[in-house]
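Student: Please take me through one part of this protein slowly. I would like a close look at the sheet, and then a word on a pocket.

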Amino acid sequence: MRKFLIYGSLFTLMVFIILLLMPSKRVKRDFVESKAIFPYSNFFYWQKRKIHYTDEGHGTAIIMIHGFGGSHRNFRKINELLKKDYRCLRIDLPGFGLSEPLEANGQRYHEIYIKLLTAWLDSLCIDSCYVIGSSLGGYISACLSVAAPDKVKRLVLISSAGYESQKILYNLKYAKKPFLFILKKKGLPLTVSKLAAKRLYFNPIYINDAEVQYNNWFWNMEGNLEAVLHMLSSGELPDSGMIKKIACPTIILWGKDDKVLPYTHLYMFQRDLKGAQTALIESCGHLPMLEKPDITYKYIHKFFGANTENIRY
């Protein structure tokens, strides 16, 4: 623990110094949109905010929900594989990617997300779908399956949040520190985005510099950084007890070398979610759908195509 505290303090000091010396990295929303909007991009308005999503392919709908600090681009590789047989929709949660931030106004964030996702599906006239969620998006996906069991028919959790969050999110207390006012003013350095990317992968050869730049733009886009820091300082943690309420067929995938959420959490899900399928992916970090897309696709495609009507979950 002492070693962890020392490293955390040194990292914080390094970030502080970088922020003081660097020019502003904040970017306008229209600039980022000019770089990151593609033909498959769409927007819908919810609570007077513009929410971005992609829509590709045909067939049974699959919605994909990214994790904290991520975006729809986290699923770009698995999307290319799945859209041959399914209608694939990737959403940017408010304050992430190309979606505008929302005011919490005293509500818990996961409750806001469930209302948003339900409204989004209704706007697309999607009565039922499969759901893939990664990290924080895994927990949100699980919450959606409990809140709207008629809509979520199958659930894929990839390195999902849900357990021991108070340990995992220890360093987030720094979101309340005064130096983050500088961060709000000058933005997140590209160097920090690169360091964060290294923590997400087992093999750094899979880190894509262009994607790191996209992610850095998303963080620094006007409104997003403030919303993310507010979320960090809220102190809201996942409710592990909710996981036992999941009723739909579920598969849980995890990178064996995950540095963000240890693979031992898979066994906690397995303990509380009786009947769920599980798979550990070797030599893989926190984002199997990016680092090992072919293997991840095989598990997901087989799971979606399996006959589970007679299996009790």
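Tutor: Here is the sheet, strand by strand, followed by the pocket. Keep in mind that the model is predicted.

Start with the overall layout. The sheet is open and has eight strands. Their order is β1-β2-β4-β3-β5-β6-β7-β8, with mixed pairing. Strands of a sheet pair through backbone hydrogen bonds, and the pairing may be parallel or antiparallel.

Now the edges. These are β1 (41-46) and β8 (277-281). Each has a single partner strand, so one side of each is left without a neighbour in the sheet. From one strand to the next, the twist averages 20°.

Look next at one pair inside that order. Strand β3 (residues 61-65) and strand β5 (residues 129-134) run parallel and are joined by four bridges. To find your place there, use Met 64, which stands opposite Ile 132 in β5.

A helix also packs on this sheet. Helix α11 (residues 265-272) lies across β6 (152-158), β7 (250-255) and β8. Its direction is at about 165° to β7.

Last, the pocket. The second largest pocket holds about 150 Å³ of space. Its lining includes Arg 49, Tyr 109 and a run from Pro 101 through Leu 102 and Glu 103 to Ala 104. Gly 223, Glu 226, Ala 227 and His 230 also line this pocket. Helix α10 (residues 224-233) gives the most to the lining, with three residues. By type, the lining residues divide into five nonpolar, two polar and three charged.

How values were computed: Residues are numbered from 1 along each chain as its sequence is written. This is a predicted model: local features need pLDDT of at least 70, side-chain atom pairs count only at pLDDT 80 or more; totals for chains, interfaces and linings use all residues. Side-chain values use heavy atoms; hydrogens and water are left out. On a 1 Å grid over the protein atoms alone, a cavity is a set of points where a 1.4 Å probe fits but cannot get out, and a pocket is an open set with protein on both sides within 12 Å along at least five of seven lines; lining residues have an atom within 4 Å of a point. Grid points are joined across faces, edges and corners, and a volume is the space filled by probe spheres set on the points. Helices (H or I, at least four residues) and strands (E, at least two) are DSSP runs, numbered from the N terminus. Ala, Val, Leu, Ile, Met, Phe, Trp, Tyr, Cys and Pro count as nonpolar, Asp, Glu, Lys and Arg as charged, and the others, Gly among them, as polar. Two strands pair if DSSP finds at least two bridges between them. Axes are lines fitted to C-alpha atoms, for helices over the stretch in contact, and angles run from 0 to 180 degrees between N-to-C directions. Contact means heavy atoms within 4.5 Å.
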